[in-house]
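Me: I would like to learn how to read a protein model feature by feature, starting with the strands and ending with single side chains. Could you take me through one?

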Amino acid sequence: QVRLAESGGGSVQTGASLKLSCTFVGRRFDSYAMGWFRQVPGKERSFVAGISWNGRGIEYGLSAADRFVISRDDVKKIATLQMDGLTPADTAVYFCAAVAGYHSDRVLREEHEYDYWGQGTQVTVAS
């Protein structure tokens, strides 16, 4: 059984930074590809960033390019999303996701490709 728990969200001002963490509970975290998505009310989840099981593949959605950094710590079983230069457009609930079995450098960018999801953490950026 795999469980994911996001933390690190909050309310900040434009230009601030936040670091989101996704704590993985289960076995063989190092076999899982990880991703971050976000969702605003009335819209589908959108891809923010993803990292392959071995950390060699990293990709970002257009909203995250040049401002966000995804990383993973296989010892601590944590995936993180460092977000800098936040703007009100980044306001959303952020979810982490995981899937096992993709032992390639390909980054998974689609919601349906992931098997496990956290409950989400709210990020609110005021102007």
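Reply: We will go through a sheet, a disulfide, the nonpolar cores and two buried residues, bearing in mind that this is a predicted model.

Me: Where should I begin with the sheet, and in what order do its 4 strands lie?

Reply: Begin with the pairing, and read the strands across the sheet rather than along the chain. Here the sheet is open, with the order E1-E3-E8-E7 and antiparallel pairing. Strand E1 (3–7) and strand E7 (68–73) are the edge strands, each of them pairing on one side only. On average, neighbouring strands of this sheet are turned by 15 degrees against each other, with direction ignored.

Me: How many bridges join E1 to E3, and which residues stand opposite each other there?

Reply: There are 5 bridges between E1 and strand E3 (residues 18–25), and the two run antiparallel. Serine 7 stands opposite serine 21 in E3, while glutamate 6 has cysteine 22 as its bridge partner in E3.

Me: Which side chains of E1 point to the buried face?

Reply: Follow the side chains along the strand and look for alternation. In E1, Leu4 and Glu6 point to one face and are buried, whereas Arg3, Ala5 and Ser7 point to the other face and are not buried.

Me: What joins the remaining strands of the sheet, E3 to E8 and E7 to E8?

Reply: E3 and E8 run antiparallel and are joined by 6 bridges, with leucine 20 having leucine 81 as its bridge partner in E8. E7 and E8 also pair in the antiparallel sense, over 6 bridges, and phenylalanine 68 stands opposite methionine 83 in E8. E7 and E8 form a hairpin with 4 residues between them, and lysine 77 in the turn has a positive phi of about 60 degrees.

Me: How should I read a disulfide, and which cysteines form one here?

Reply: A disulfide is a covalent bond between the sulfur atoms of two cysteines. This structure holds 1 disulfide, formed by cysteine 22 and cysteine 96, whose sulfur atoms are 2.1 Å apart. The pair links distant parts of the chain, with cysteine 22 in strand E3 and cysteine 96 in strand E9 (residues 92–100), 74 residues apart. The angle about the S-S bond is 55 degrees, and the link of cysteine 22 and cysteine 96 is right-handed.

Me: Are these two cysteines buried or exposed?

Reply: Cysteine 22 is buried because its relative accessible area is 0%, under the cut-off of 20%. Cysteine 96 is buried too, with a relative accessible area of 1%.

Me: Which residues have the most contacts inside the largest nonpolar core?

Reply: For a core, read the best-connected residues and then the elements that supply them. The largest nonpolar core has 27 residues, and Met34, Trp36, Leu81, Met83 and Tyr94 have the most contacts inside it. The elements giving two or more residues to this core are E3, strand E4 (32–39), strand E5 (46–51), E7, strand E8 (78–83), E9 and strand E11 (121–126). Apart from it lies another core, of 8 residues, including Ala33, Phe37, Val107 and Tyr114.

Me: What is leucine 81 in contact with, leaving aside its neighbours within four places in sequence?

Reply: With those neighbours left aside, leucine 81 is in contact with Leu18, Lys19, Leu20, Trp36, Val48, Ala49, Phe68, Val69, Ile70 and Tyr94.

Me: Why does arginine 72 count as buried, and which polar atoms does its side chain meet?

Reply: Arginine 72, placed in strand E7, counts as buried because its relative accessibility is 16%, and the cut-off is under 20%. A polar atom of the side chain of arginine 72 lies 2.9 Å from the backbone oxygen of serine 52, and the side chain also makes a polar contact with the side chain of aspartate 74 (2.8 Å). Not counting residues up to four places away in sequence, arginine 72 touches a set of residues that includes Phe29, Asp30, Tyr32, Ile51, Trp53 and Ile78.

Me: Where is serine 31 found, and what does it touch?

Reply: Serine 31 is found in the loop between E3 and E4, and at 11% relative accessibility it counts as buried. Not counting residues up to four places away in sequence, serine 31 touches Trp53, Val99, Ala100, Gly101 and His103.

Conventions: Residues are numbered from 1 along each chain as its sequence is written. This is a predicted model: local features need pLDDT of at least 70, side-chain atom pairs count only at pLDDT 80 or more; totals for chains, interfaces and linings use all residues. Side-chain values use heavy atoms; hydrogens and water are left out. Two strands pair if DSSP finds at least two bridges between them. Axes are lines fitted to C-alpha atoms, for helices over the stretch in contact, and angles run from 0 to 180 degrees between N-to-C directions. A disulfide is a pair of cysteine sulfur atoms within 2.5 Å. Buried means under 20% relative accessible area, exposed over 50%, partly exposed in between (1.4 Å probe, protein chains only). A nonpolar core is a set of buried Ala, Val, Leu, Ile, Met, Phe, Trp, Tyr and Cys residues joined through side-chain atoms within 4.5 Å. Contact means heavy atoms within 4.5 Å. A polar contact is a pair of N or O atoms within 3.5 Å; within protein, one must be able to donate a hydrogen and the other to accept it, and residues adjacent in sequence count only if both atoms are side-chain atoms.
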